[in-house]
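Reader: Can you walk me through the labels used for this model, one at a time? I'd like to see the reasoning behind each.

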Amino acid sequence: MSEITLNAPRMFDLTGRVALVTGAGSGIGQRIAMGLAQCGADVALLDRRTDEGLSVTAEFIARAGRRSIKIAADVTSGSALNEAVSQTEKELGDLTLAVNAAGIANANPAEDMEESQFQTMMDINLKGVFLSCQAEARAMLKHGKGSIVNIASMSGVIVNRGLNQCHYNASKAGVIHMSKSMAMEWVTRGIRVNTISPGYTATPMNTRPEMVHQTKLFEEQTPMQRMATVDEMVGPAVFLLSDAATFVTGVDLLVDGGFCCW
Ligand code: NAP
């Protein structure tokens with residue numbers, strides 16, 4: 001047997017790595033950004049939010065002893081994303097990790113939906129992920145290494161009972177297949193691309209007071225009988241980004257409490 005050089009727990013260590021997280025001012029992106037810092041990464045935090053969301057994330061990261069920068073930008077702008085990557089590399093170092101979590105959700109019956117509502121969903125949830133990956137990969141290709149995780153949704157795999165959101169579901173199915181396609185474009189050049197598809201997760205996106213009836217249904221429909229917490233998205237993201245997943249690319253990791261089994 002050859003000598004074992006593998007140090008299993010250290011495979012998840014991100015010390016010295018630099019990450020960019022979109023949607024880092026709220027919900028899943030915010031908690032993943034915090035988790036990456038807890039694993040040792042310095043993190044560029046991007047969001048369009050103008051509230052204190054990014055500052056909350058940045059303050060947590062400072063307390064964890066890591067560096068961060070805050071970037072107010074919209075993922076529908078390719079030039080803003082290119083600029084964000086440049087700023088990240090200038091201030092934090094070579095970018096090799098990225099999590100693209102910025103996204104929106106809303107609903108409307110297909111027969112009533114204005115073209116503009118459909119288009120905005122695609123612009124943010126699908127084109128926004130494309131432009132983010134493109135800007136990140138341009139830097140990573142220069143370094144010959146990188147790992148990208150896009151936050152898709154189980155809605156890219158199943159149709160949520162009772163939710164009229166064909167545009168959202170289509171955008172997420174697009175993210176899953178686009179990510180596999182990019183994974184194959186870059187597979188021999190050191191870059192891995194995977195998706196996480198969360199099930200119903202307790203975030204500001206779906207815990208608004210008017211959603212109380214809806215969230216009860218979400219809990220009942222989920223085999224684990226509850227929604228995910230944002231903490232439960234951190235482990236899957238760290239795994240996919242880290243050296244624990246060096247042979248994992250083009251995968252969609254469902255994190256859904258068993259939802260898609262039924
Ligand atoms: P969230 O709390 O609303 O966080 C999303 C963040 O992205 C917000 O700060 C949002 O800002 C920002 N954002 C939206 N559009 C943007 C843009 N064009 N440019 C830059 N930032 C933008 O939602 P979340 O639940 O954490 O969702 C994160 C991701 O997980 C999304 O892609 C979502 O589709 C996905 N997901 C969520 C669930 C769930 O149950 N929560 C389940 C499956 C998948 P604003 O507040 O201004 O919009």
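Author: Sure, starting with the rings: those of Phe, Tyr and Trp pair if their centres lie within 6.5 Å. Keep in mind that this is a predicted model. Searching the whole structure turns up two aromatic pairs.

Reader: Why is the pair of Y200 and F218 called stacked?

Author: The centres are 3.7 Å apart and the planes differ by 5°. Planes under 30 degrees apart count as stacked, so the label follows.

Reader: What makes this pair tie together separate parts of the sequence?

Author: Y200 sits in the loop between β6 and α6, while F218 belongs to helix α6, so the pair links parts that are 18 residues apart in sequence. Y200 and F218 are both buried.

Reader: And why is the pair of Y200 and F259 called edge-to-face?

Author: Here it's 5.7 Å centre to centre, with 80° between the planes. Over 60 counts as edge-to-face, so that's the name. F259 lies in the segment after β7, so this pair ties together parts that are 59 residues apart in sequence. F259 is buried, as is Y200. Y200, F218 and F259 make up one aromatic cluster.

Reader: How do you know whether T195 is buried or exposed?

Author: Its relative accessibility is 1%. Buried means under 20%, so T195 counts as buried. T195 is in strand β6, residues 191-198.

Reader: Which residues is T195 in contact with, leaving aside neighbours within four places in sequence?

Author: Among them are N150, A152, V175, I176, L240 and V251.

Technical notes: Residues numbered from 1 in each chain as written. Predicted model: local features only at pLDDT ≥ 70, side-chain atom pairs only at ≥ 80, totals over all residues. Heavy atoms only, no water. Helix = DSSP H or I, 4+ residues; strand = E, 2+ residues; numbered from the N terminus. Buried < 20%, exposed > 50% of the residue type's maximum accessible area, 1.4 Å probe, protein only. Contact = heavy atoms within 4.5 Å. Phe/Tyr/Trp six-rings, centres within 6.5 Å; stacked < 30°, edge-to-face > 60°.
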